[in-house]
Amino acid sequence: MPLTAFVVSGVQKLVLYETRARYFLVGSNNAQTKHRVLKIDRTEPRDLVVIDDKHVYSQQEVRELLGRLDLGNRTKIGQKGSSGLSRAVSAFGIVGFVRFLEGYYIILITKRRKVADIGGHSIYKIEDTNMIYIPNDSVRVTHPDEARYLRMFQNVDLSSNFYFSYSYDLSHSLQYNLTLLRIPCEPAEVEELHSSCSKQDSFDIFEDEGLPTQVVHGLKNEPYAKYVWNSRLLEKIKDTVHPDWLMYIIHGFCGQSKLLIYGRPVYVTLIARRSSRFAGTRFLKRGSNCEGDVANEVETEQIIHDASVMSFTAGSYSSYVQVRGSVPLYWSQDISTMMPKPPIRLDQADPYAHVAALHFDQMLQRFGSPIIILNLVKKREKRKHEKILSEELYRAIINLNQFLSPEHCIDYIAWDMARYTKSKLCNVLDRLGMIAENVVKRTGFYINRSDFHCHTLRPDERWGDLGGLVIAHGRLQTGVLRTNCVDCLDRTNTAQFMVGKCALAYQLYALGMIDKPKLQFDTDCVRLFEELYEDHGDTLSLQYGGSQLVHRVKTYRKIAPWTQHSKDIMQTLSRYYSNAFSDADRQDAINLFLQVYQPSESKPHLWELPTDFYLHQSNTMALPQERRSYTYWWSDGVLSYLPLPYDEVPCEKNKKKVLVKRVNRYDESTDMYTEFFKPYELSSFDDTFCIAMTNSAREFMPKSVGLDPSPFTVRKPEETGKSVLGNKSNKEEAVLQRKTAASAPPPPSEEQISSSSEDDSEEDREDDATASQRSTPIKLAESGDNVRTQEEHQQQPARETYGLNLSALPRDEDLLIYQRFAHLGQNQHKVERRDQSTDLQKTLENVISLVPVSSFDGDSIYEMMPPRVDLESRNVFENHIHAGQGLIRPLCREDLLLYREYIKNRYM
């Protein structure tokens with residue numbers, strides 16, 4: 001079967017040229033060896049006319065074409081100046097085309113920044129864009145409200161957390177993308193090489209030898225529309241231009257850090273995809289719409305891969321996916337009262353859970369089963385507020401589960417996290433850790449490699465209980481955890497962090513990086529992961545709530561400094577201000593950007609609408625043609641493939657979404673080596689992305705000498721390179737934070753929390769204590785230290801000093817050897833500290849008493865007699881040296897017998 005690879009977009013660098021009648025958009029690949037040209041008409045005042053000739057130009061052909069266009073658009077022959085073809089702007093991609101009340105605009109990405117790398121596929125963040133009006137001023141028909149719509153559209157800041165890639169599909173998970181590479185392609189589905197490719201483009205070095213051409217199937221997949229934010233902006237040109245011009249962007253978060261395990265690089269990547277359906281701000285978008293799309297729906301994926309091997313086929317990759325989203329019911333909050341917590345109300349009665357059925361049907365198609373719901377809203381309240389949602393959601397799930405088979409039922413976990421936090425005897429993160437262990441064991445995780453030998457050498461009983469689906473080349477995650485509170489911000493982010501931390505331990509264990517699937521807090525690895533999740537939570541909270549997180553992981557660990565309380569108050573006030581005064585404008589901008597509302601002179605303006613409810617509810621605009629069944633609430637074919645997700649099954653429906661192109665193995669469109677390393681351009685090693693990214697050794701590892709450099713060693717706050725309580729430039733603040741962390745109350749005992757904990761067994765607690773003590777540094781007392789300090793060091797128990805208890809005292813002979821060794825070392829330091837002007841010989845006689853402690857004649861720190869080597873050993877060494885130089889002595893009969901015996905035992 002031919003190899004498969006993702007197709008790299010042939011349009012990565014763009015230059016926009018303009019004349020009076022047309023815009024010419026010239027796109028090229030990274031090496032600028034292949035070019036395409038897009039012609040945009042400027043004489044139409046309201047319509048968009050885009051022409052793509054589908055021809056691939058060489059660099060010389062493009063220069064000649066631009067020269068002819070420049071010459072042909074001058075007013076007089078031989079005239080030089082700006083009246084011909086002029087260069088307008090350089091760009092890196094097209095976001096789309098949009099029209100309000102006048103003509104069309106084109107939105108181009110003018111600045112980008114690389115933020116992650118997955119298997120050589122670069123992921124970029126949009127840093128700046130340019131919005132250019134297409135029609136010429138001579139044909140422009142002005143409208144008084146055009147400027148207001150333009151300002152409203154630009155309120156969606158495209159330089160804030162929008163991401164794209166030229167070769168990797170960000171709208172799908174890693175499991176989906178790598179599963180796609182393993183699906184065999186039928187010959188009838190394969191598109192042959194384009195006839196426009198020249199002989200040189202398809203050159204094969206084995207052609208003259210009579211060997212067959214090496215073929216690769218290049219795959220181009222249809223993106224998942226739910227997480228694409230510019231699909232409506234590309235609708236006008238989607239069917240008329242080459243697919244290389246289409247670049248889909250996602251909104252959310254993308255971060256990557258490097259975990260160094262004794263020099264071995266492991267990339268930890270976090271990608272959050274925000275849904276473009278029913279998108280909006282906090283109080284204006286709650287619950288679900290009539291199609292099952294919920295507010296604040298975000299799919300978070302953590303990808304772990306060994307960066308020492310780049311290829312998707314040869315490298316080791318693992319991922320875990322979880323989801324957050326509003327409670328899938330018809331509910332809202334009235335913000336007209338200007339209260340910090342407006343009352344929750346159910347807008348429509350849904351006795352058959354129709355909306356919840358549509359939502360969970362989407363989840364079954366994308367993730368498979370089991371679907372696990374972790375509901376963190378309050379259960380006990382003086383006045384019913386959040387409890388309304390819990391009761392209604394529970395009834396909906398009970399209704400839906402009665403029609404599913406027991407093995408595929410929706411699991412519901414309700415846990416009042418806020419009430420648990422207020423209890424002094426309970427540890428919130430311990431309880432979340434137990435839930436996380438249970439969830440990860442049920443859903444499993446994705447890894448593209450079969451079991452490593454380390455699982456046989458260091459088996460763990462938890463590995464045998466792991467869920468998911470085991471296949472020939474690894475494991476698949478089946479099912480997903482869906483976490484929600486009311487806002488899906490603070491509590492949800494902490495819960496997702498704990499589940500991600502548990503999954504990270506299993507992923508590192510599966511990749512052979514650690515000896516058991518368990519990670520401790522206050523290690524470099526967990527601190528790096530926690531920092532990623534805090535950035536992730538802050539970003540999603542700003543997008544939906546208008547402020548950063550109020551309660552963080554440190555808040556629930558109860559180690560946050562007292563200065564954090566004032567910051568929490570400021571974030572609460574910022575969130576309240578944003579919700580009260582700016583959310584309405586942001587909601588209008590999102591509706592306009594996503595083309596939920598398209599301006600027209602025959603419709604009321606967007607700012608004149610009393611509500612946008614009708615824009616997001618399709619059934620209010622037209623009667624549904626057919627009503628879905630209340631009992632068979634899932635889509636056709638979904639149940640037959642469970643627990644596998646229907647979207648990843650190689651059925652005919654899914655195969656139609658993939659475009660397959662048959663190319664030469666060394667073709668530029670599938671050559672990830674050239675795409676990643678760019679051998680055609682000069683680059684500085686210090687400027688590469690892998691050097692600039694967050695590094696566990698540089699950012700978190702202690703700078704002290706003698707400490708364990710392992711990122712899995714538990715450290716104290718003062719030992720780490722970056723304070724666990726945050727970066728502070730003020731030294732006094734750092735000292736104050738350490739005191740605050742040290743004075744935090746100790747966690748309650750396991751018996752007080754739960755007596756039925758599965759993963760907090762006695763053996764694990766002993767291992768944790770061992771790891772914690774092992775990381776404690778041993779400070780050697782100098783000669784100038786006082787006697788009290790030395791006595792304290794002598795009184796330390798063996799376990800605290802060495803990390804283990806000695807079974808018996810050492811023998812007298814061993815103690816004597818150790819005492820002589822210690823005496824020798826102490827006297828050496830005393831000699832070095834003496835005044836150089838004193839008589840050295842006299843000092844040595846008074847201080848050092850050199851007594852031989854070994855079998856050598858001369859034994860001191862200044863001299864040592866080399867050991868005597870017998871003749872037989874010397875001959876063996878000389879023969880070894882001669883063999884390296886090519887001088888091999890003839891074999892004797894004993895050598896031949898020895899070699900035959902080796903062959904017999906080894907191969908026969």
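This passage describes the aromatic pairs of a predicted model and the charged groups that sit over two of its rings.

The structure holds 30 aromatic pairs. In one of them, the ring centres of Tyr149 and Trp607 lie 4.8 Å apart with their planes at 45°, and the pair is therefore classed as tilted, since the angle falls neither under 30 degrees nor over 60. Tyr149 belongs to helix H2 (residues 146-153), whereas Trp607 is found in the loop between helix H13 (563-593) and helix H14 (613-616), so that the pair links distant parts of the chain, 458 residues apart. The two partners are described by separate accessibility classes: Tyr149, at 0% relative accessibility, counts as buried, while Trp607, at 22%, counts as partly exposed.

A further tilted pair is formed by Phe153 and Phe593, with 5.4 Å from centre to centre and 35° between the planes. This pair, too, links distant parts of the chain, with Phe153 in helix H2 and Phe593 in helix H13, 440 residues apart. Both Phe153 and Phe593 are buried. These four residues also belong to a cluster in which ring pairs link Phe100, Tyr105, Tyr133, Tyr149, Phe153, Phe162, Trp229, Phe593 and Trp607.

Contacts between charged groups and aromatic rings were also computed. The charged end of Arg112 is placed over the ring of Tyr124, at 4.5 Å from the ring centre, and the charged end of Lys603 sits over the ring of Tyr597, at 4.8 Å from the centre of that ring.

Conventions. Residues are numbered from 1 along each chain as its sequence is written. This is a predicted model: local features need pLDDT of at least 70, side-chain atom pairs count only at pLDDT 80 or more; totals for chains, interfaces and linings use all residues. Side-chain values use heavy atoms; hydrogens and water are left out. Rings of Phe, Tyr and Trp (its six-membered ring) pair if their centres lie within 6.5 Å; planes under 30 degrees apart count as stacked, over 60 as edge-to-face and the rest as tilted. Helices (H or I, at least four residues) and strands (E, at least two) are DSSP runs, numbered from the N terminus. Buried means under 20% relative accessible area, exposed over 50%, partly exposed in between (1.4 Å probe, protein chains only). A charge sits over a ring if NZ of Lys or CZ of Arg is within 6 Å of the ring centre and within 35 degrees of the ring normal.
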